[in-house]
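Got the viewer open? Here is a short tour, one selection at a time.

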Amino acid sequence: MEEGLNRTRLSHEQTREIMRQLATERTRRGLTQSEVARQMGTSQPYVARLEAGANEPKLSTFLLYAGIVAGAVLLSRLLRDLGRVPTR
C-alpha cells in the first residue's frame, strides 16, 4: 500500500512547476504576493520563497496557496460568466 502512495507523490520538480504556473496565474489575475500572504496568514517573503521553490511546502500550505489562486480564478470566471446567465 505504501508503495502505491509513494508513486502518487509529486517530485520536487513537479511541485516547483505547478507553483510556477500558479504564480503566473496569480500575477495574471492581478493578485500580489502580499494579498496572497494576508489570506494565507503568512508574510510576503514566505510567499516569494514558496513561489521560487526555495523550500518544499507542506501539503496543507501547497493546497492553501493553490486554493487562494484557483479560488480567484474561479471567482473571476463566475463573474465573467454572470453576464451570460439569463435573469428572470
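Before selecting anything, here is one term for the road: a residue is called buried when its relative accessible area is under 20%, exposed when that area is over 50%, and partly exposed in between. Bear in mind, too, that you're looking at a predicted model.

**Stop one: helix α4**

Select residues 44-52, which make up helix α4. Now highlight V47, L50 and E51, which are buried in α4. Turn the view to look down the axis of α4: the buried residues fall within an arc of 95 degrees, so they line one face of the helix. In general, an α-helix has 3.6 residues a turn, so residues three or four places apart point the same way. Step past the end of α4 and you reach G53, which has a positive phi near 75 degrees.

**Stop two: α3 against α4**

Keep α4 on screen and add residues 33-40, helix α3. The axes of α3 and α4 are 8 Å apart, and the two helices pack at an angle of about 105 degrees. That is why α3 and α4 count as roughly perpendicular to each other, since the range for that label runs from 65 to 115 degrees. To see the contact itself, show Q33, S34, V36, A37 and M40 on the α3 side. On the α4 side, show Q44, V47, A48, L50 and E51. Colour this contact by residue class and you'll get six nonpolar, three polar and one charged.

**Stop three: α2 against α4**

Next, bring in helix α2, residues 12-28. How do the axes of α2 and α4 cross? They come within 8 Å of each other and cross at roughly 125 degrees, which makes α2 oblique to α4. Select R16, M19, A23 and R26 in α2, then L50, E51 and A52 in α4, and you have the residues that meet. This contact divides into four nonpolar, no polar and three charged residues.

**Stop four: a salt bridge between helices**

Stay where you are and zoom in on R26 and E51. These two form a salt bridge, with the closest N and O atoms 2.6 Å apart. R26 belongs to α2 and E51 to α4, so the pair ties together parts that are 25 residues apart in sequence. Are the partners buried or exposed? R26 is buried, with a relative accessible area of 8%, and E51 counts as buried as well, at 13%.

**Stop five: more salt bridges**

The structure holds four salt bridges, so there's still some looking to do. Select E17 and R20: their side chains meet in a salt bridge, 2.6 Å from N to O. Both sit in helix α2, three residues apart, so about one helical turn separates them. E17 is partly exposed, with a relative accessible area of 31%, and R20 is partly exposed too, at 44%.

Then move along to E25 and R29, whose side chains meet in a salt bridge at 2.7 Å, N to O. E25 counts as buried at 19% relative accessibility, while R29 is partly exposed at 26%. Add R28 to your selection for the last view: E25, R28 and R29 are linked in a network of salt bridges.

Note on methods: Residues are numbered from 1 along each chain as its sequence is written. This is a predicted model: local features need pLDDT of at least 70, side-chain atom pairs count only at pLDDT 80 or more; totals for chains, interfaces and linings use all residues. Side-chain values use heavy atoms; hydrogens and water are left out. Axes are lines fitted to C-alpha atoms, for helices over the stretch in contact, and angles run from 0 to 180 degrees between N-to-C directions. Helices (H or I, at least four residues) and strands (E, at least two) are DSSP runs, numbered from the N terminus. Angles under 35 degrees count as roughly parallel, over 145 as roughly antiparallel, 65 to 115 as roughly perpendicular and the rest as oblique. Contact means heavy atoms within 4.5 Å. Ala, Val, Leu, Ile, Met, Phe, Trp, Tyr, Cys and Pro count as nonpolar, Asp, Glu, Lys and Arg as charged, and the others, Gly among them, as polar. Buried means under 20% relative accessible area, exposed over 50%, partly exposed in between (1.4 Å probe, protein chains only). The arc is that of the directions from the helix axis to the C-beta atoms.
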